[in-house]
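This briefing is intended for reading alongside the sequence and the coordinates. It begins with one loop residue and then proceeds by topic.

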Amino acid sequence: MSSSAPLNRNRASLLHKVRYALRNPGKVGPYLRRSARDLGLRLRHRDHVSYYRAVMAADTARDPKAAVGSRNEERWLELGRMQFDYLVGHGLRPGHRLLEIGCGNLRAGWRFIDHLDAGGYYGIDISPDILISAKETLAARGLQHKLPHLTLVRDLTFDFLPEGHFDVVHAHSVFSHSPLEVIDECLAHVERVLAPGGFFDFTFDRTEGAEHHVLREDFYYRTETLVALAEKHGLHARFMEDWEELPHGQSKIRVTVPERS
């Protein structure tokens, strides 16, 4: 995401869609099918969580790895390794407790589970279908003895989790599929579950042009919008420049709780 053209592109505009179709005629059919699916799901599921849960059910039925944004096994492993190495490089230790929002089928989660002490990993997701796949990943990796928590949720209030419990909260490719009110809900409640000195890392699809979404599945935000949203809830947020050096396609913000005087 380093070049200016992609960061200013409005993928929801008619001009972009026409140009994209002319350059990629083979993708027109899949896009039209996705659009038809989107329309049907939006008619049946008015709130975003129910809608995206249905999206994940359909995508997971076809390919659990593709459902979490990995085109093949190699890329699934690569993206999981990238997330894991980054957090370990930023101080994630075996004795820490980690909450992964949108844990999916444990693309990065199985590595976190293996790294952390037993019971140190807590994964949540809105999709029951992808959590079944997560349990299969856990068994395939032989990590049952680590006693990870895998929990289905319908919001991001974390009301069932203990106060000040998690050293690290992590959300990869969650806010890229979330409207602003879902992100706001998360930022309004994450401070309560963060341990003193802890941090919350999240990735997002960044734009430097108009903020937009594509089919209510892919959302593009300006950095300053999300930083301001965090600050509204009394949090400190900073753009992670070192993450930009990695081949991932999304940007990252780290949220911390300022020390109270």
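In this predicted model, R216 counts as partly exposed, because its relative accessibility is 24% and the partly exposed class runs between 20% and 50%. R216 is located in the loop that joins strand 6 (212-214) to strand 7 (218-221). The points below take up backbone angles, the nonpolar core, two helices, a pocket and several individual residues.

**Backbone angles**

- Most residues other than glycine have a negative phi.
- R216 has a positive phi, near 60 degrees, and is a residue other than glycine.
- F158, which is likewise not a glycine, has a positive phi of about 55 degrees.
- F158 also sits in a loop, the one between strand 3 (149-152) and strand 4 (166-171).

**F158 and the largest nonpolar core**

- Is F158 buried or exposed? F158 is buried, because its relative accessibility of 1% falls under the 20% limit.
- The largest nonpolar core comprises 68 residues.
- F158 is among the residues with the most contacts inside this core, together with L99, I101, F200 and F202.
- Leaving aside residues up to four places away in sequence, F158 touches L99, I101, I124, C186, H189, V190, R192 and V193.

**Helix 9**

- Helix 9 (residues 180-193) has 14 residues and spans 21 Å from its first C-alpha to its last, which is close to the 20 Å expected at 1.5 Å a residue.
- Which residues of helix 9 are buried? They are V182, I183, C186, L187, V190 and V193.
- Three of these names, C186, V190 and V193, also appear among the contacts of F158.
- A188 lies in helix 9 as well, but A188 counts as partly exposed, because its relative accessibility is 38%.
- A188 and R81 are separated by 107 residues in sequence and by 29 Å in space, C-alpha to C-alpha.

**Helix 3**

- Helix 3 (residues 28-44) has 17 residues, and the distance from its first C-alpha to its last is 25 Å, close to the 24 Å expected at 1.5 Å a residue.
- The buried residues of helix 3 are S35, D38, G40 and L41.
- Helix 4 (48-62) is included in what covers these buried residues.

**The second largest pocket**

- The volume of the second largest pocket is about 170 Å³.
- This pocket is lined by 11 residues, of which A195, P196, G197, V257 and P258 are the closest to its centre.
- Which element gives the most to the lining of the second largest pocket? Strand 5 (residues 194-206) does, contributing 5 residues.
- By character, the lining of the second largest pocket divides into 5 nonpolar, 3 polar and 3 charged residues.

**S133 in helix 8**

- S133 belongs to helix 8 (residues 128-140).
- S133 is classed as buried, because its relative accessible area of 7% is under 20%.
- The contacts of S133, not counting residues up to four places away in sequence, are P64 and N105.
- S133 and V174 are 41 residues apart in sequence, and their C-alpha atoms are 18 Å apart in space.

**D114 in helix 7**

- D114 is part of helix 7 (residues 109-115).
- Its relative accessible area of 43% lies between 20% and 50%, so D114 is partly exposed.
- D114 touches L143 and K146 when residues up to four places away in sequence are not counted.
- D114 and H145 are 31 residues apart in sequence and 9.7 Å apart in space, C-alpha to C-alpha.

**G95 in a loop**

- G95 is placed in the loop between helix 6 (73-89) and strand 1 (98-101).
- Why does G95 count as exposed? G95 has a relative accessible area of 58%, and exposed means over 50%.
- In sequence G95 and V28 are 67 residues apart, while in space they are 49 Å apart, C-alpha to C-alpha.

Terms used: Residues numbered from 1 in each chain as written. Predicted model: local features only at pLDDT ≥ 70, side-chain atom pairs only at ≥ 80, totals over all residues. Heavy atoms only, no water. 1 Å grid on protein atoms, 1.4 Å probe; cavity = no way out; pocket = protein on both sides within 12 Å on 5 of 7 lines; lining within 4 Å. Points joined across faces, edges and corners; volume = space filled by probe spheres on them. Helix = DSSP H or I, 4+ residues; strand = E, 2+ residues; numbered from the N terminus. Nonpolar A, V, L, I, M, F, W, Y, C, P; charged D, E, K, R; others polar. Expected span 1.5 Å × (residues − 1). Buried < 20%, exposed > 50% of the residue type's maximum accessible area, 1.4 Å probe, protein only. Contact = heavy atoms within 4.5 Å. Core = buried A, V, L, I, M, F, W, Y, C linked by side-chain atoms within 4.5 Å.
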